[in-house]
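This report goes through a single structure by topic, moving from strand pairing to burial, aromatic contacts and pockets. The sequence and the model are shown below.

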Amino acid sequence: MDNCIFCKIVAKQIPATVLYEDDELLAFNDINPAAPVHFLIIPKKHLSSLADAKAEDAVLLGKMLELAPKLAAQQGCAYVEHADGSKSGGFKTVVNTGPNGGQVVYHLHMHVIGGAEL
C-alpha cells in the first residue's frame with residue numbers, strides 16, 4: 001500500500017526502533033507510548049485490520065501472539081508464576097479494529113503494553 005505508514009516502515013522508508021524482524025513480522029517501539037513499555041507487532045503482509053484476516057492468515061496471527069510474551073519479557077515485562085503460587089509482571093495486548101474499535105492506522109497491528117500497573 002503506497003500510503004500505509006507501516007508498509008513504509010517495513011520497506012525501511014521510515015525509520016523505527018526495531019525490536020524484532022523476520023520474514024513475516026516486524027516489531028518496533030510505538031512513537032507515542034502509553035506506558036514505559038509499548039511496542040507494536042505487525043505482519044509485513046498488508047492486512048488493513050483483523051477483520052480482513054482470512055483462514056490462511058491463522059498461522060501468521062498465531063505467530064504474532066506467540067511473539068508478544070517473548071518480546072515483552074525481553075523488555076522487562078515478563079509474566080511470572082512463582083513457586084509459591086504468586087504471580088508478578090505482565091503486559092497487555094490490544095488489537096484495535098475499525099473506527100469504533102479505535103483503529104487509527106489501517107495496517108493490522110498488535111500493541112504490547114507494560115512496565116507499569118495497567
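## The β1-β2 hairpin

In this predicted model, β1 and β2 make a hairpin, with three residues between the two strands. The strands run antiparallel and are joined by three bridges. Within this pairing, Y20 lies opposite A27 of β2, and E21 has L26 of β2 as its bridge partner.

Ahead of the hairpin, the loop between α1 and β1 contains K12. K12 is not a glycine, yet its phi is positive, at about 65 degrees. Most residues other than glycine have a negative phi.

## The sheet

The hairpin strands belong to an open sheet of five strands, arranged in the order β1-β2-β3-β7-β6 with antiparallel pairing. β1 (18-21) and β6 (91-94) are the edge strands; each has a single partner, so one side of each has no neighbour in the sheet. From one strand to the next, the twist averages 15 degrees.

Five bridges hold β2 and β3 together in the antiparallel sense. Two of the facing positions can be named: L26 is opposite I42 in β3, and F28 is opposite L40 in β3. L26 thus appears in two pairings, as the bridge partner of E21 and as the residue facing I42.

On to the next strand in the order, β3 pairs with β7 (residues 110-114), again antiparallel and over five bridges. Here V37 stands opposite G114 in β7. G115 follows in the segment after β7. The C-alpha atoms of G115 and V37 are 5.3 Å apart in space, although the two residues are 78 apart in sequence.

## Burial of the strands

How many of the residues of β3 are buried? Seven of the seven are, so β3 is largely enclosed by the rest of the structure. The cover extends to both faces of β3: V37, F39, I41 and P43 are buried on one side, and H38, L40 and I42 on the other.

β2 is mostly covered, with four of its five residues buried. F28, which lies in β2, is buried, with a relative accessible area of 3%. G115, by contrast, is partly exposed, at a relative accessible area of 46%.

## The aromatic pair

A pair of aromatic rings is described by the distance of the centres and the angle of the planes. The count of such pairs here is one. F6 and F28 form it, with 5.6 Å from centre to centre and 75 degrees between the planes, which is an edge-to-face arrangement. The angle qualifies because planes over 60 degrees apart count as edge-to-face.

The pair connects distant parts of the chain: F6 is in helix α1 (residues 5-10) and F28 in strand β2 (residues 25-29), 22 residues apart. Are these two residues buried or exposed? F6 counts as buried, at 6% relative accessibility, and F28 is buried as well, at 3%. Both values satisfy the cut-off, because buried means under 20% relative accessible area.

## The largest pocket

Rolling a probe the size of a water molecule over the atoms shows where empty space is left. The largest pocket has a volume of about 370 Å³. Its lining consists of 20 residues, and those nearest the centre are F6, D30, I31, L40 and V105. The elements α1, β2 and β3 (37-43) each give two or more residues to this lining, and α1 gives the most, with three.

By residue class, the lining of the largest pocket holds 11 nonpolar residues, eight polar ones and one charged residue. Two of the residues nearest the centre of the pocket have already appeared above. F6 is a member of the aromatic pair with F28, and L40 is the residue of β3 that stands opposite F28. L40 is also among the buried residues of β3.

Methods. Residues are numbered from 1 along each chain as its sequence is written. This is a predicted model: local features need pLDDT of at least 70, side-chain atom pairs count only at pLDDT 80 or more; totals for chains, interfaces and linings use all residues. Side-chain values use heavy atoms; hydrogens and water are left out. Rings of Phe, Tyr and Trp (its six-membered ring) pair if their centres lie within 6.5 Å; planes under 30 degrees apart count as stacked, over 60 as edge-to-face and the rest as tilted. Buried means under 20% relative accessible area, exposed over 50%, partly exposed in between (1.4 Å probe, protein chains only). On a 1 Å grid over the protein atoms alone, a cavity is a set of points where a 1.4 Å probe fits but cannot get out, and a pocket is an open set with protein on both sides within 12 Å along at least five of seven lines; lining residues have an atom within 4 Å of a point. Grid points are joined across faces, edges and corners, and a volume is the space filled by probe spheres set on the points. Ala, Val, Leu, Ile, Met, Phe, Trp, Tyr, Cys and Pro count as nonpolar, Asp, Glu, Lys and Arg as charged, and the others, Gly among them, as polar. Two strands pair if DSSP finds at least two bridges between them. Axes are lines fitted to C-alpha atoms, for helices over the stretch in contact, and angles run from 0 to 180 degrees between N-to-C directions.
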